[in-house]
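Biologist: I would like a close look at one part of this protein, the helices that pack together and the charged side chains between them. Please take it step by step and keep to what the model shows.

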Amino acid sequence: MARVTVEDCIDKVDNRFELVLLASHRARMIASGSSILVPRDNDKNPVVALREIAEEKLKPEDLKEDLIHSLQKHVEVDEPEAETVPLLTTSVPNAAASDSEVQFDRMSEDDLLRGLDGLVPPTESADDED
């Protein structure tokens with residue numbers, strides 16, 4: 001094929017704007033190192049991309065999917081839904097507490113102080129002396 005025109009490719013991709021988008025995406029792929037599927041014949045990357053489309057070496061649907069994927073900033077991944085964990089309720093002698101309230105373990109101040117007594121303070125380093 002001596003010269004490729006939009007008319008050579010329009011029967012493969014109906015919309016001229018979409019053809020230009022796909023060919024420019026393919027030309028960028030070639031420029032980034034993708035192998036070409038037709039002889040170069042001293043042509044530049046956009047012409048090679050149009051020739052590949054005209055000779056049906058690439059499917060326009062595949063180019064379109066690749067273009068869409070390259071433009072996406074966030075690709076959704078199907079992850080399994082988190083399993084529902086039943087609420088754990090503790091038996092509290094307080095009769096005023098209802099079943100819908102969430103009860104937390106309570107620690108007395110004395111228990112907290114006894115726990116803190118066992119902790120060792122961090123050692124000072126040379127950086128802390130500034």
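Modeller: What follows starts with the whole chain, goes on to the packed helices and their salt bridges, and ends with a patch on the surface.

The model is predicted. The protein chain has 5 helices and 0 strands, so the pattern read along the sequence is α-α-α-α-α. Of its 130 residues, 16% count as buried. Among contacts with a separation of 6 or more, 46% are between residues 24 or more positions apart. The accessible surface comes to about 11,300 Å², and carbon and sulfur atoms account for 52% of that surface.

Helix H2 is a good place to begin. H2 has 16 residues, which at 1.5 Å a residue should span 22 Å. The end C-alpha atoms of H2 are 22 Å apart, in agreement with that figure. Which residues of H2 are buried? They are Leu19, Leu22, Ala23, His25, Arg26, Ala27 and Ile30. The list therefore includes an arginine and a histidine beside leucine, alanine and isoleucine, each under the 20% cut-off for relative accessible area. These buried residues pack against helix H1 (6-9), H3 and H4.

Arg26 deserves a separate look. Its relative accessible area is 3%, and because the limit for a buried residue is 20%, Arg26 counts as buried. What does the side chain of Arg26 meet? Arg26 forms a salt bridge with Glu52, with 2.5 Å from N to O. Arg26 lies in helix H2 and Glu52 in helix H3, so the pair ties together parts that are 26 residues apart in sequence. Glu52 is buried as well, with a relative accessible area of 0%. Both partners of this salt bridge are thus buried, Arg26 at 3% and Glu52 at 0%. As a general point, side chains of opposite charge can pair when their charged atoms come close.

A search of the whole structure finds 7 salt bridges, and two others involve Arg51. One of them joins Arg51 to Asp41, with the closest N and O atoms 3.4 Å apart. Arg51 is in helix H3, whereas Asp41 is in the loop between H2 and H3, 10 residues away. The side chain of Arg51 also meets that of Asp43 in a salt bridge, at 2.8 Å from N to O. Through shared partners, Asp41, Asp43 and Arg51 are joined into one network.

Is Arg51 buried or exposed? Arg51 is buried, with a relative accessible area of 3%. Asp41, by contrast, has a relative accessible area of 51%, and because exposed means over 50%, Asp41 counts as exposed. The salt bridge between Arg51 and Asp41 thus joins a buried residue to an exposed one.

The backbone at Asp41 also merits a note. Phi of Asp41 is near 50 degrees, a positive value in a residue other than glycine. Glu56 is another such case, with a positive phi of about 55 degrees although it is not a glycine. Glu56 is found in the loop between H3 and H4, while Asp41 lies in the loop between H2 and H3. Glu56 is exposed, with a relative accessible area of 58%.

Beyond that loop comes helix H4, residues 60-71. Its 12 residues should span 16 Å at 1.5 Å a residue, and the end C-alpha atoms are 17 Å apart, which agrees. The buried residues of H4 are Pro60, Leu63 and Leu67. Seen down the axis of H4, these buried residues fall within an arc of 60 degrees, so they line one face of the helix. Glu61 and Glu65 are exposed on the other side of H4. What covers the buried residues of H4? The cover includes helix H2 (16-31) and helix H3 (45-54). The packing is also seen from the side of H2, whose buried residues pack against H4 among other helices.

The last part is on the surface. Met107, Leu112, Leu113, Leu116 and Leu119 form a nonpolar patch there, with about 520 Å² of accessible area together. One of these residues, Leu112, is found in helix H5 (residues 109-117). Leu112 has a relative accessible area of 44% and is partly exposed, because that value lies between the 20% limit for buried and the 50% limit for exposed.

Terms used
Residues numbered from 1 in each chain as written. Predicted model: local features only at pLDDT ≥ 70, side-chain atom pairs only at ≥ 80, totals over all residues. Heavy atoms only, no water. Helix = DSSP H or I, 4+ residues; strand = E, 2+ residues; numbered from the N terminus. Expected span 1.5 Å × (residues − 1). Buried < 20%, exposed > 50% of the residue type's maximum accessible area, 1.4 Å probe, protein only. Arc of directions from axis to C-beta. Contact = heavy atoms within 4.5 Å. Patch = residues over 30% accessible without salt bridge, like charges linked within 9 Å, V, L, I, M, F, W, Y side chains within 5 Å. Areas by Shrake-Rupley, 256 points an atom, 1.4 Å probe, with all protein chains shown as cover. Salt bridge = Lys/Arg side-chain N within 4 Å of Asp/Glu carboxyl O.
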